[in-house]
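Reader: I'm new to looking at protein models, and I'd like a close look at one part. Could you pick a spot where two pieces meet and walk me through it?

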Amino acid sequence: MSQINLEITVHSCAGGQCKQKPDENNLGFGQYFTDHMFTMRWNKDKGWYDPRIEPYGPFSLTPATLVFHYGQAIFEGMKAYRGADDKIYFFRPKNNFARMSRSAERICMPLLAEDLALQGLKSLVSLDQEWVPRAEGATLYIRPVMIAVEPNVGLRAALDYLFFIIACPVGAYYPEGFKPTKIYVEDKYVRAVPGGVGEAKTAANYAASVLAQKEAKDKGFSEVLWLDGVERRFIEEVGTSNIFFVLDGELITPPLQGSILPGITRDSVLQLARSWGGKVSERAVSIDEVMVAAADGRLQESFGTGTAAVISPIGELTYQGRTVQINKGEAGPMSRRLYDELQAIQFGRQPDPFGWRVTI
Ligand code: COI
């Protein structure tokens, strides 16, 4: 990645266009947006140019804009946390921008100017710092996005791109909060196949998951659990998260083999759990193994991990008409410990031995 030194232009909304802030105790997820956004553009001849912060507002794009036709779009999810000391922390933001560059490569977009994006992120959150919630458990969710903006309907990589960062104060992603969710094991649709784009954070992956998610929600489930796209046998991930199991005392998550999102929370959980000792494995785990272990009482816990979802305990799995309860439908001790320790690091409540926190 080459270093790009560009001055960020700032147009602040001070003087009239700033918005009223929502009630911090009733934020839901993804409904309110801060006063500003960061944008920068890329052109094949110029590279990255025109980094700026301006009031949050609409873009003007022609109907021929490539992203509308072939979906060249990638994104990231990250958060800013307000500590008890009133400092604002980011969690491993460089990992998000590095992953964005990897996603970009996979769908023929330019590598992100990662240092400039980090500078833009810090400037944006610094300007909008009053939007970082103080309410218990609430955070500022940050959404970096890159889209193809060249007007052209030929199928090829675009010659112009727009990168932007927007931010929204949020509460818990699932209305259940830390209460265990009910998950539907999907055996009709698949999310990703070997050689596809499953490990890239492309908008297309999420668009392809919406129908299964809707059908599961209509049946009363919170999310779907995806099986591998070839045999529909091995566990991949949950709708918005990676998945973990505690089985016979072993903490297990499926390995990154190309079709699973390489989650930053997933990696943090693996590092935390390994630092505590005990058996931690990244290995293939089949749905049959999980259902048998649940029936035998050996499946002690399961939980999803993600930036939005944090640690989200799973209380029930339903597969081919059979439902198993996990830990009597309650959050287990491993989920609780991971949630508490991760949040304590993220909110600056305890030392950060891994060097994950970044202040503005
Ligand atoms: C995140 O956890 O940040 C994600 O990007 C998932 C999204 C569907 C909310």
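Author: Sure, let's go to helices H6 and H8, which are roughly perpendicular to each other. Keep in mind that this is a predicted model. H6 covers residues 264-275 and H8 covers residues 333-346. Their axes sit 11 Å apart and make an angle of about 110 degrees. Angles from 65 to 115 degrees count as roughly perpendicular, so that's the label this pair gets.

Now zoom in on who touches whom. On the H6 side you'll find Thr-265, Ser-268, Val-269 and Leu-272. They meet Leu-338, Glu-341, Leu-342 and Ile-345 of H8. Sort these contact residues by class and you get five nonpolar, two polar and one charged.

While you're here, compare that with another helix, H2. It runs over residues 93-106, so to speak a stretch of 14 residues. From first C-alpha to last, H2 reaches 20 Å, close to the 20 Å expected at 1.5 Å a residue. Its buried residues include Pro-93, Phe-97, Met-100 and Ala-104, and Arg-99 is on that list too. After H2 comes Cys-108, with a positive phi near 65 degrees.

Why stop at that sign? Most residues other than glycine have a negative phi. Asp-50, in strand S3, is another residue to check: its phi is positive, about 55 degrees. Asp-86 has a positive phi as well, of about 70 degrees, and lies in the loop between strands S5 and S6. Asp-50 counts as partly exposed at 30% relative accessibility, and Asp-86 does too, at 41%.

Conventions. Residues are numbered from 1 along each chain as its sequence is written. This is a predicted model: local features need pLDDT of at least 70, side-chain atom pairs count only at pLDDT 80 or more; totals for chains, interfaces and linings use all residues. Side-chain values use heavy atoms; hydrogens and water are left out. Helices (H or I, at least four residues) and strands (E, at least two) are DSSP runs, numbered from the N terminus. The expected span of a helix is 1.5 Å times one less than its number of residues. Buried means under 20% relative accessible area, exposed over 50%, partly exposed in between (1.4 Å probe, protein chains only). Axes are lines fitted to C-alpha atoms, for helices over the stretch in contact, and angles run from 0 to 180 degrees between N-to-C directions. Angles under 35 degrees count as roughly parallel, over 145 as roughly antiparallel, 65 to 115 as roughly perpendicular and the rest as oblique. Contact means heavy atoms within 4.5 Å. Ala, Val, Leu, Ile, Met, Phe, Trp, Tyr, Cys and Pro count as nonpolar, Asp, Glu, Lys and Arg as charged, and the others, Gly among them, as polar.
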